[in-house]
Number of protein chains: 2
Amino acid sequence: MELKLSISELSEKTGLSIDTIRYYEKIGILPSPHRKGNGQREYTSGDLERFIFITQLKRTQMPLKEIDRYIQFYIDQDYESCYQVLHTHKVEIEEQMAEMSMALEKINYKLTNFKSLVSDRNGKHN
Amino acid sequence: MELKLSISELSEKTGLSIDTIRYYEKIGILPSPHRKGNGQREYTSGDLERFIFITQLKRTQMPLKEIDRYIQFYIDQDYESCYQVLHTHKVEIEEQMAEMSMALEKINYKLTNFKSLVSDRNGKHN
DNA sequence: ATAGCGCCTGGAGTATAGTCTAGGTCAAAT
DNA sequence: ATTTGACCTAGACTATACTCCAGGCGCTAT
């Protein structure tokens, strides 16, 4: 027997709002889940897994349009294009991580500067 | 004699559009530069440096409002608050980097899967 | 002197990604 | 039987971050 999730349960598990979940479904990046007799959405653990991957892509700055492209290729079983899209995103993530390291260095430098400015002003007894 | 830059030169050096530069000035995250007699903006190398730091914050996903907060604290010489804001952003960058590593792992896993799906379909002679 | 270029301003328009509202259905609890 | 709570839809609204446009100024080259 498969575990079924309501939209609010899915929302809790993924951290996305109920509105966002419906929005993603509307723009096509989440498959329309099975509906119960009364029309309410019912999610499977498979849905949950796909959902989690999508949110991971989103949190690494992949635009929804690009996520959508990926999903459509996946639905069309065009795995070569899936590979392409994901590979491009991978390169982007790597670039972003490189930028973040550089920014961190600069920020750490500034933080030490601010710290000494602050302690000087306080007569350095802290 | 200080080197002066026009807005288009600054744009070239920073990769931000002229419109964006004027927009940033309007919302207060860039100081209004000195103006030439005819009203045109003239940037110093100090301006350029500040500009580059700002774009670095922006590229690491710091919202413009937060950048603005930082700048205002800096102008007010409230270095303790500068420290706070920058420190908060540092933590955010570190979290983002952690998420990116996790996403990279998952993406690499998916990439190898897609690769084998594609080569299977092609009769695996490549 | 006039045409072209780079710059100026204020304000309108756009893209992205949601978020909120009004009005309605259904099932369980009082 | 009616109230409550979770859900539904369509569509309006919002926030963020630009981007574009119209109309105008001032210097340089023809």
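1. The second largest pocket in this predicted model has a volume of about 380 Å³. Its lining consists of 15 residues, and those nearest the centre are A:Lys110, B:Arg50, B:Phe53, B:Ile71 and B:Tyr74. Both chains contribute: helix H5 (79-121) of chain A, and helix H3 (45-59) and helix H4 (64-75) of chain B, each give two or more residues to this lining. H3(B) has the largest share, with five residues. By class, the lining of the second largest pocket has nine nonpolar, two polar and four charged residues.

2. The largest pocket has a volume of about 480 Å³. A lining of 19 residues surrounds the largest pocket, and A:Arg50, A:Phe53, A:Tyr70, A:Tyr74 and B:Lys110 lie nearest its centre. Here helix H3 (45-59) and helix H4 (64-75) come from chain A and helix H5 (79-121) from chain B, each supplying at least two residues. The lining of the largest pocket divides into 13 nonpolar, two polar and four charged residues.

3. The arrangement of the two protein chains can be stated briefly. Chain B is superposed on chain A by a rotation of 180 degrees, with 0.0 Å of shift along the axis and an RMSD of 0.1 Å. The two copies are therefore related as by a two-fold rotation axis. Within chain B, B:Met97 has the C-alpha nearest that axis, at 3.1 Å. The copies meet through the same surface, because 100% of the interface residues of chain B are also interface residues in chain A.

4. Which residues come closest to DNA strand C? There are 19 residues around the strand, and the closest are A:Tyr24, B:Ser8, B:Arg22, B:Arg35 and B:Arg41. The elements that each supply at least two residues to the surface near DNA strand C are helix H2 (18-27) and H4 of chain A, with helix H1 (7-14) and helix H2 (18-27) of chain B. H2(A) gives the most, with four residues. The surface near DNA strand C has five nonpolar, seven polar and seven charged residues.

5. What part of DNA strand C faces the protein within 4 Å, by atoms? Sugar or phosphate accounts for 77% of the atoms of DNA strand C within that distance, and bases for the rest. Phosphate oxygens of this strand lie 2.7 Å from a polar side-chain atom of B:Ser8 and 2.8 Å from one of B:Arg41. In chain A, an N or O atom in the side chain of A:Thr20 is 3.2 Å from a phosphate oxygen of DNA strand C.

6. DNA strand D has 18 residues around it, of which A:Ser8, A:Arg22, A:Arg41, B:Asp19 and B:Tyr24 come nearest. Of the atoms of DNA strand D that come within 4 Å of the protein, 79% belong to sugar and phosphate. A polar side-chain atom of A:Arg22 lies 2.5 Å from a phosphate oxygen of the strand, and for A:Arg35 the distance to a phosphate oxygen of DNA strand D is 3.0 Å. From chain B, the side chain of B:Lys65 has an N or O atom 3.1 Å from a phosphate oxygen of DNA strand D. Helix H1 (7-14) of chain A, together with H2 and H4 of chain B, are the elements giving two or more residues to this surface.

7. A last point concerns composition. H2(B) gives the most to the surface near DNA strand D, with four residues. By class, the surface near DNA strand D has five nonpolar, seven polar and six charged residues.

Methods. Residues numbered from 1 in each chain as written. Chains lettered and ligands numbered in written order. Predicted model: local features only at pLDDT ≥ 70, side-chain atom pairs only at ≥ 80, totals over all residues. Heavy atoms only, no water. 1 Å grid on protein atoms, 1.4 Å probe; cavity = no way out; pocket = protein on both sides within 12 Å on 5 of 7 lines; lining within 4 Å. Points joined across faces, edges and corners; volume = space filled by probe spheres on them. Nonpolar A, V, L, I, M, F, W, Y, C, P; charged D, E, K, R; others polar. Near = heavy atom within 4 Å. Polar contact = N/O pair within 3.5 Å; in protein donor to acceptor, adjacent residues only side chain to side chain. Least-squares fit on C-alpha atoms with pLDDT ≥ 70 in both. Contact = heavy atoms within 4.5 Å.
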